[in-house]
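The exercises below ask you to read a protein model from its strands, its core and its rings. Work through each task with the structure open, and compare your reasoning with the solution that follows it.

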Amino acid sequence: MAVVFEISGRMAMFRKPYTTTSSISYAFPTPTALAGLIAGIAGISHESDRDACFAAYWRKMEGTRVSVSIRNPISWLRQAVNFKDPKEKKRSQIKHQFVADPCYRVYVSGGLEGRLRTYLERDAFVYTPCLGVAYALADIDYIGSFDLFPAETGPVGVDTVVPWSDDMSMDVLESGGAFKELMPYRMDDTRRLIESVSVIYATSPEKKIILKERGNVDVSRCGDDVVAWFPAW
């Protein structure tokens, strides 16, 4: 089974790691951001009171797998954010890129699925959910819990972001184009990056990624959606 919820807000910012003060965002939450979101809703502490770099919730992620789809058209918002130098007591404005009015559907299966469902069914969370940064507060809508069924054989239209590998192929014309990104997938409990993953996603939430060859990616039906799953952590 899988638990499904939507997360939305006025803005989101999932910073690309190669950017510095002038931050640029991914169009949707990375797998690592989804791990933090799930842990926050389910009340798994990152233990940053012991060390600011801690992300202890990764110890609990084993066996959990996720997927995400873009529900609102992606539009960008650029704003200057005020920074203050505590030593020189000077302020500076640094440009940031945000996703404007984002909405994403998140799918979670295995591992923490049951614990997460308990909070979603109660319309509750332990730590305040956000879309990448603490000031991008998020609203959560519980969609439901669904059985998973294998997708039909042959070419299939996928509603979600697709983890990509060289043994896969897609129908570019039928898909109407796609974007490709390399993003963080797994960290350890000190926030050290362990593994990255390539993904492709549709240029519009109204379009699907048409996969001709699926490789080793698990594609299944979850309610009315066709979901491509990231490997379990």
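**Exercise 1.** In which loop, between which two elements, does Gly132 lie? Describe its surroundings as well.

*Solution.* Keep in mind throughout that this is a predicted model. Begin with the chain: Gly132 belongs to the loop that runs between α2 (113-121) and β9 (139-146). Next consider accessibility, where a residue is called partly exposed if its relative accessible area falls between the limits of 20% and 50%; Gly132, with a value of 45%, is therefore partly exposed. Finally look for partners beyond the residues up to four places away in sequence, and you will find that Gly132 touches Met13 and Phe14. Tyr26, which is 106 residues away from Gly132 in sequence, has its C-alpha 9.9 Å from that of Gly132.

**Exercise 2.** What is the strand order of the open sheet of 4 strands, and is the pairing parallel or antiparallel? Work out which strands stand at its edges.

*Solution.* Strands of a sheet pair through backbone hydrogen bonds, in either a parallel or an antiparallel manner. Here the order is β5-β8-β1-β9, and the pairing is antiparallel. Because β5 and β9 each have a single partner strand, they stand at the edges, and one side of each is left without a neighbour in the sheet. From one strand to the next, the twist averages 20°.

The register can then be followed on β8. Strand β1 (residues 2-8) pairs with β8 over 6 bridges, and within this pairing Val4 has Tyr107 as its bridge partner, while Ile7 stands opposite Tyr104. The helix α2 packs on the sheet, where it touches β1, β8 and β9, and its direction makes about 50° with that of β1. Strand β5 (residues 65-70) also pairs with β8 over 6 bridges, in the antiparallel sense, and there Ser69 is matched with Arg105.

**Exercise 3.** Is strand β8 buried or exposed, and why is it described as largely enclosed?

*Solution.* Count the residues against the limit for burial, which is a relative accessible area under 20%. In β8 (residues 103-109), 7 of the 7 residues are buried, so the strand is largely enclosed by the rest of the structure. Then separate the two faces: Cys103, Arg105, Tyr107 and Ser109 are buried on one side, and Tyr104, Val106 and Val108 are buried on the other.

**Exercise 4.** Which residues have the most contacts inside the largest nonpolar core, and how many residues does this core have?

*Solution.* The core has 47 residues, and those with the most contacts inside it are Phe5, Ile7, Phe28, Met61 and Tyr104. Several elements supply at least two residues each, including β1, β5, β8, α2 and β14 (178-187), but α1 gives the most, with 7 residues. To see one of the central members in detail, take Phe5: leaving aside neighbours within four places in sequence, the contacts of Phe5 include Leu37, Ile41, Tyr104, Val106, Leu116, Leu120 and Ile143. Another core, of 15 residues, lies apart from the largest one, and among its members are Val162, Trp164, Ala202 and Ala228.

**Exercise 5.** How many aromatic pairs are found in the whole structure? Explain how the rings of Phe14 and Tyr104 are arranged.

*Solution.* The search of the whole structure gives 8 aromatic pairs. In the pair of Phe14 and Tyr104, the ring centres are 6.1 Å apart and the planes lie at 70°, so the pair is edge-to-face. Since Phe14 lies in strand β3 (residues 14-15) and Tyr104 in strand β8, the pair ties together parts that are 90 residues apart in sequence. Both partners are buried: Phe14 has a relative accessible area of 6%, and Tyr104 has 0%. Two further aromatic features deserve a look, namely the cluster formed by Tyr57, Trp58, Tyr185, Phe230 and Trp233, and Arg65, which lies over the face of Trp229 at 4.5 Å from the ring centre.

**Exercise 6.** In what order do the strands of the open sheet of 3 strands follow one another?

*Solution.* The order is β10-β17-β18, with antiparallel pairing, and the edge strands are β10 (148-150) and β18 (225-228). Neighbouring strands are turned by 40° against each other on average, direction ignored. Between β10 and β17 (residues 219-222) there are 3 bridges, and Pro150 stands opposite Ser220 in β17.

How values were computed:
Residues are numbered from 1 along each chain as its sequence is written. This is a predicted model: local features need pLDDT of at least 70, side-chain atom pairs count only at pLDDT 80 or more; totals for chains, interfaces and linings use all residues. Side-chain values use heavy atoms; hydrogens and water are left out. Buried means under 20% relative accessible area, exposed over 50%, partly exposed in between (1.4 Å probe, protein chains only). Contact means heavy atoms within 4.5 Å. Two strands pair if DSSP finds at least two bridges between them. A nonpolar core is a set of buried Ala, Val, Leu, Ile, Met, Phe, Trp, Tyr and Cys residues joined through side-chain atoms within 4.5 Å. Axes are lines fitted to C-alpha atoms, for helices over the stretch in contact, and angles run from 0 to 180 degrees between N-to-C directions. Rings of Phe, Tyr and Trp (its six-membered ring) pair if their centres lie within 6.5 Å; planes under 30 degrees apart count as stacked, over 60 as edge-to-face and the rest as tilted. A charge sits over a ring if NZ of Lys or CZ of Arg is within 6 Å of the ring centre and within 35 degrees of the ring normal.
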